Structure formats: structure tokens, C-alpha cells
Amino acid sequence: MLPPVRKAAALRAVPSSQPAPAAFALPVRVYYQDTDAGGVVFHAGYIEFLERARTEWLRNMGFSVRDLAEREQILFIVRELHVRYLKPAVLDDELSVSAAVEHLGFVSLTMEQLVLRGTELLVHASVNLACVSAVALKPIRVPEHLRAVLQAGMSRPVSEQEDA
């Protein structure tokens, strides 16, 4: 049984003419290896683009995924993923993949991610990430110093009532 969906952000219609401004965007070019036999990006390829953007987003904020795992003993693992494919990307397209915190809980966060070609919205995703111990793989609280940086980057304050 799937967990209930708290945020249906990926299911809401986002006008392709006015994509939401991104807190962070990573440029990505579509290579041959990203496409199927027809030269269209394979659906799972977008998930790799989203992962890459989240990793670079963390790095941009001063956090290395490797350091978080090795020094702080935490990992962020995908708990839930909603992807809405609106238009295809093709071989040699230049894309922009954004990452922004949509919701911050105590042991999880939800990212809104967009894949754009210019101003044209191709993919809209909502990714829920759980913070877990790198050793036990059990949920743990997002460390306070990381939480403070995440909160500072959000457009709205996090309420104490909000939980994972």
C-alpha cells in the first residue's frame, strides 16, 4: 500500500508559459545515451536529471552528499516521487533542471523540481526525501545546521506543527 500523498504539487497544472522561478537550476544537455531509439529522452532519464540537480543544489548550499554520508552519517533517500511528463525533450536539447524546497518537515523534505527547455515546461516533479542514518538506514531528524540553511532558502516559514 502506498503512503497517502500529502502534497499533490506534481499533479497541479503549471502553465508552460510561466514556469515558477527556481531557487536553483542546473543546465543539462541531452546526450545520445539519455534517449531512446527515436531520439526522445527516456522517461527514467528525467529522474537522473532530477537527482543530479538535487545533488548540485546541495553542493551550491555548501553541503556535499559525500560529506553528509561520511562525516555526518546521514543520507537523503527518495521516499515518494510524483512526475508529470508534459512535453518530450530530444537529442541535443539544452535543458534547465531546477530544485527548490516545497515543504520541510523534521525528518523529511519535499522538493519541487522542474525541467525546462528555455521557458517551456517539460516535466514537473515533486520529490519527498527522507533523512536517514547512513549506518542504520532509519529515519532521523534533519540536522539543525542543515535545517537552518534549508529554512532560509524557503519562501515561507516552517511551522512547528509541520512534521515529516
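User: Is Asp-92 buried, partly exposed or exposed, and at what relative accessibility?

Analyst: This is a predicted model, and in it Asp-92 counts as partly exposed because its relative accessibility is 49%, where the cut-off for exposed is over 50%. Asp-92 lies in the loop between strand S2 (74-85) and S3.

User: What is the phi of Asp-92, and how should I read such a value?

Analyst: As a general idea, most residues other than glycine have a negative phi. Asp-92, which is not a glycine, has a positive phi of about 75°. Leu-137 can be read in a similar way, since it is not a glycine and has a positive phi of about 55°; this leucine sits in the loop between S6 and H3, and Leu-137 is exposed, with a relative accessible area of 52%.

User: Which strands pair with S6, and how many residues of S6 are buried?

Analyst: S2 pairs with S6 in the antiparallel sense over 11 bridges, and His-82 has Ser-126 of S6 as its bridge partner. S5 also runs antiparallel to S6, joined to it by 10 bridges, with Leu-114 standing opposite His-124 in S6. Because 13 of its 14 residues are buried, S6 is largely enclosed by the rest of the structure.

User: What connects S5 and S6 in their hairpin?

Analyst: Two residues lie between the strands of this hairpin, and Gly-118 in the turn has a positive phi of about 65°.

User: Which residues touch the most other members of the largest nonpolar core, and which elements supply at least two residues of it?

Analyst: The core has 33 residues, of which Trp-57, Val-101, Leu-109 and Leu-150 touch the most other members. Among the elements that each supply at least two residues are helix H1 (43-60), strand S5 (108-117), strand S6 (120-133) and helix H3 (144-153). Leaving aside residues up to four places away in sequence, Trp-57 touches Phe-24, Ala-99, Val-101, Leu-109, Met-111 and Leu-150.

User: Where does the pLDDT fall below 50, and how should I treat low values?

Analyst: Where pLDDT is low, the predicted coordinates should not be read in detail. The chain has a mean pLDDT of 85, and 80% of its residues reach 70 or more, but over residues 1-21 the pLDDT is below 50, although this stretch has 36 contacts in the model beyond near neighbours in sequence. Residues 156-164 also stay under 50, and for them the model has 20 contacts beyond four places in sequence.

Conventions
Residues numbered from 1 in each chain as written. Predicted model: local features only at pLDDT ≥ 70, side-chain atom pairs only at ≥ 80, totals over all residues. Heavy atoms only, no water. pLDDT = per-residue confidence, 0-100. Contact = heavy atoms within 4.5 Å. Core = buried A, V, L, I, M, F, W, Y, C linked by side-chain atoms within 4.5 Å. Buried < 20%, exposed > 50% of the residue type's maximum accessible area, 1.4 Å probe, protein only. Helix = DSSP H or I, 4+ residues; strand = E, 2+ residues; numbered from the N terminus. Pairing = 2+ DSSP bridges.
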